[in-house]
Amino acid sequence: MSNTNHIPREEGIDHSLSLMREGYMYISNRRHSFNSDIFETRLLGKKAICIGGKEAAEVFYDTEKFKRKDAAPNRAVQTLFGKNGVQSLDGKIHKHRKAMFMSIMSADGLKKLTDTAKKQWALAVDKWQQMDRVILYEEAQEMMCRTACEWAGVPIQEDDVKRLTKDLAAMFESPAAVGPAHWSGRQARNRTEKWAGELIDKVRNGKVNSPVDTALHRFTWHRDPEGHLLDTKTAAVEVINILRPIVAISIFINFTVLALHHYPDEKKKLKAGDEKYARMFVQEVRRFYPFFPFVAALAKKDFTWNGYKFEEGTLTLLDLYGTNHDPEIWDNPSLFRPDRFADWEGGPFSFIPQGGGDYLMGHRCAGEWVTIEVMKVSLDYLANKIDYDVPDQDLSFSMVKMPSIPHSKVVIQNVKKRI
Ligand code: HEM
């Protein structure tokens, strides 16, 4: 008798279209219908195994079993990630590069970031008070671009802010897009890598001064395990790996406004200075709303997990959205309830909006603390420091388009600073 379990299989030649049609729910729908946290399918012409849930996340982040090199689809490499960045590395080289990222995430570094974010929020609010309507998604992107550049030590001329904001946003808006929207993401990446590469060369030639302890300085002078500086292009990809995702926090800022609007009772609980509830609220926004649907890796070798056989090289997708809504982990997952985080002890594999596992040894998001801190600053502004109206608009959001943002991009009016 065989000791292996049969992996339920979705019949058919290819299911990439179903993935595009069902978006964030693609893996969850099949986990539900197969009544299994694992199933096999075919995506982009290849066999793929999809897994979800806490145990699945645990095995996915086992670096003895999975690797990242060549796992990401080319369309994501050409737009979202860039080539030879930390996302594509494994083993010792990954750990060394990741340490470079984590070195700027110190308590001191995060304090400088929150001070910068507060300053940029204050400036933005001054501007928004003069505007008839504020399209929050666009305004928040620009505010985040300014925050990111200042924090990362990247000098930027006022005339270039809008272009850079648009380019950084195009990189995370375009990986799953088709046609011109996708190609503009590729062009944005090429343009931004060129600009960031020139900047790094200028720092190396002493023509631009980069303050110590900033990402620009650290990444420019980072040495690989053999003692070599990163080549200019790779250093540029890594600097963009700081700037781009900070701009992407604008998506969570949009969802924060949505949550405040749709759950006024939760808003009432957000008293100025109540750090604990603010953090719970932020965590629930990150759990509840769609952002990254899944992450991809390749089986590093043949192995068996829970009786299921994985063959070396098999593309494997971990369901992030579905794990954050898994009824085995979350009580009433479809309710927005920040208090579920009051005494959260779920560990590193259950709550995975930005990946799971360990920061240094694995691929968990390097900017998770950055995201939480910037969201807390933003929430404090939105709930305690300003008043605004949310006029009638289409606040619905797609569960198919990735990344999802409310259709109206969240319009607010009559923004006023509270005295
Ligand atoms: C805006 C909200 C964000 C979301 C939803 C998000 C989500 C993610 C996800 C899902 C991963 C992949 C995890 C994996 O491969 O297992 C990741 C990786 C990463 N993120 Fe984020 N992220 C966000 C913000 C940030 C910020 C603000 C930064 C930097 C300041 C950042 C930097 C990175 C880096 C460098 C990686 C690659 C880590 C590695 O491969 O070891 N992210 N993020």
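This is a chat about one predicted protein model and a few of its residues.

Visitor: Hey, what am I looking at, and how are the residues numbered?
Guide: A predicted model, where local features need pLDDT of at least 70 and side-chain atom pairs count only at pLDDT 80 or more, while totals for chains, interfaces and linings use all residues. Residues are numbered from 1 along each chain as its sequence is written, and side-chain values use heavy atoms, with hydrogens and water left out.

Visitor: Cool. How many helices and strands does the protein have?
Guide: There are 15 helices and 10 strands. Those are DSSP runs numbered from the N terminus: helices are H or I with at least four residues, strands are E with at least two.

Visitor: And how much of it is buried?
Guide: Of the 419 residues, 55% count as buried. Buried means under 20% relative accessible area, exposed is over 50%, and partly exposed is in between, using a 1.4 Å probe and protein chains only.

Visitor: Switching topic: what holds the ligand's iron atom on the protein side?
Guide: The iron has a single donor from the protein, the SG atom of Cys365, 2.3 Å away. Donors are N, O and S atoms within 2.8 Å of the metal (3.2 Å for Na, K and Ca), and water is not among the atoms, so sites may look incomplete.

Visitor: Where does Cys365 sit?
Guide: In the loop between H14 and H15. Cys365 is partly exposed, because its relative accessible area is 25%. UniProt, in an unreviewed entry, lists Cys365 under "binding site"; positions there use the numbering used here, feature names are shortened, and annotations may be inferred rather than shown by experiment.

Visitor: Which residues does Cys365 touch?
Guide: Gln354 and Tyr359, not counting residues up to four places away in sequence. Contact means heavy atoms within 4.5 Å.

Visitor: What about disulfides, how many are there?
Guide: A search of the whole structure finds 0. Cys145 is in none, with the nearest cysteine sulfur, that of Cys149, 4.3 Å away; a disulfide needs a pair of cysteine sulfur atoms within 2.5 Å.

Visitor: Is Cys145 buried or exposed?
Guide: Buried, because its relative accessible area is 1%. Cys50 counts as buried too, at 0%.

Visitor: Last one: what is Asp326 in contact with?
Guide: Leaving aside neighbours within four places in sequence, Arg31, Gly53 and Pro333. The side chains of Asp326 and Arg31 also share a polar contact of 2.9 Å. That term means a pair of N or O atoms within 3.5 Å; within protein, one must be able to donate a hydrogen and the other to accept it, and residues adjacent in sequence count only if both atoms are side-chain atoms.
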